Amino acid sequence: MTQTVKNGQCKHHSKGRGQGPSSYWMQEPGLVFDVLDIDPGRHILDMGCGAGDYTLEAARRTGPLGQVTAVDQWPPTVDALRMAAKAAGLSQIQCLTADITKPPLPVRQNSMDLCMAFTVLHIFGTENSRKSLFLEAARVLKPKGRLAMMECKKEEMPFGPPIHMRLSPKEVEAVAVGCGFRKTGYTDLGFNYLVMFSLSRTPGAPH
């Protein structure tokens, strides 16, 4: 499934509602969550949550019977999100301080319905290190779980990571497929793109 958003991108904002950068307002957030299609009661992992804008909205959608686990390596960012979740009455948010570039994360195997990794893959400098994120997502996802990857388009822009750090959708898919995923959807968000994956095989098993 491929979707294109021609007029949906919002004015660029590099900051979220709290500590740390966020890509949340680089496109219409509702478009992203329409694709994610989060049902009440789902368990979600936000890998590299940053300011936590996506975490908060995911928690609203999964409701009090679900849970959103937000992971970031910077304690001030995690503390700020924890306070924001408390202020919003979203007790279903669990905040963890951990480095997603150095798995395993303190998250149980086969416990998540959805993993979100939004504008973080470019920080993994090599293909092997990028594989570690996908393999960790495969570890924590339930057999029918989904992985949502958002990245900045591989185009010159006056904001965001330099073009040599950006990844094309084909580059992201190539790593994902090698780690046991298959692509199930692509959405053009304007400045960014969103690719959806599901598990296709046991990680490390032969094709």
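In this predicted model, strand β6 is joined to strand β8 (residues 192–199) by 7 bridges, and the two strands run antiparallel. Within this pairing, L147 of β6 stands opposite F197 in β8. Strand β6, which spans residues 141–152, is also joined to strand β5 (residues 112–118), in this case by 6 bridges and in parallel orientation. Here L114 has R146 as its bridge partner in β6. The connection from β5 to β6 passes through helix α4 (residues 127–140), and the resulting β-α-β crossover is right-handed.

The largest nonpolar core comprises 33 residues, among which F134 and F181 have the most contacts inside the core. At least two residues of this core are supplied by each of β2 (43–47), β5, α4, β6, α5 (169–178), β7 (181–188) and β8. Helix α4 makes the greatest contribution, with 5 residues. Nonpolar side chains tend to be buried together in soluble globular proteins.

The surroundings of F181 were examined further, with neighbours within four places in sequence left aside. The residues in contact with F181 include F134, A137, A138 and L141, together with L147 and A176. Contacts of F181 also extend to F197, S198, L199 and S200. Two of these partners, L147 and F197, are the residues that stand opposite each other across β6 and β8. A second core, separate from the one described above, contains 29 residues, including F33, V78, L81 and A148.

Notes
Residues are numbered from 1 along each chain as its sequence is written. This is a predicted model: local features need pLDDT of at least 70, side-chain atom pairs count only at pLDDT 80 or more; totals for chains, interfaces and linings use all residues. Side-chain values use heavy atoms; hydrogens and water are left out. Two strands pair if DSSP finds at least two bridges between them. Helices (H or I, at least four residues) and strands (E, at least two) are DSSP runs, numbered from the N terminus. A crossover is right-handed if, with the strands pointing away from the viewer, the path from the first strand over the helix to the second runs clockwise. A nonpolar core is a set of buried Ala, Val, Leu, Ile, Met, Phe, Trp, Tyr and Cys residues joined through side-chain atoms within 4.5 Å. Buried means under 20% relative accessible area, exposed over 50%, partly exposed in between (1.4 Å probe, protein chains only). Contact means heavy atoms within 4.5 Å.
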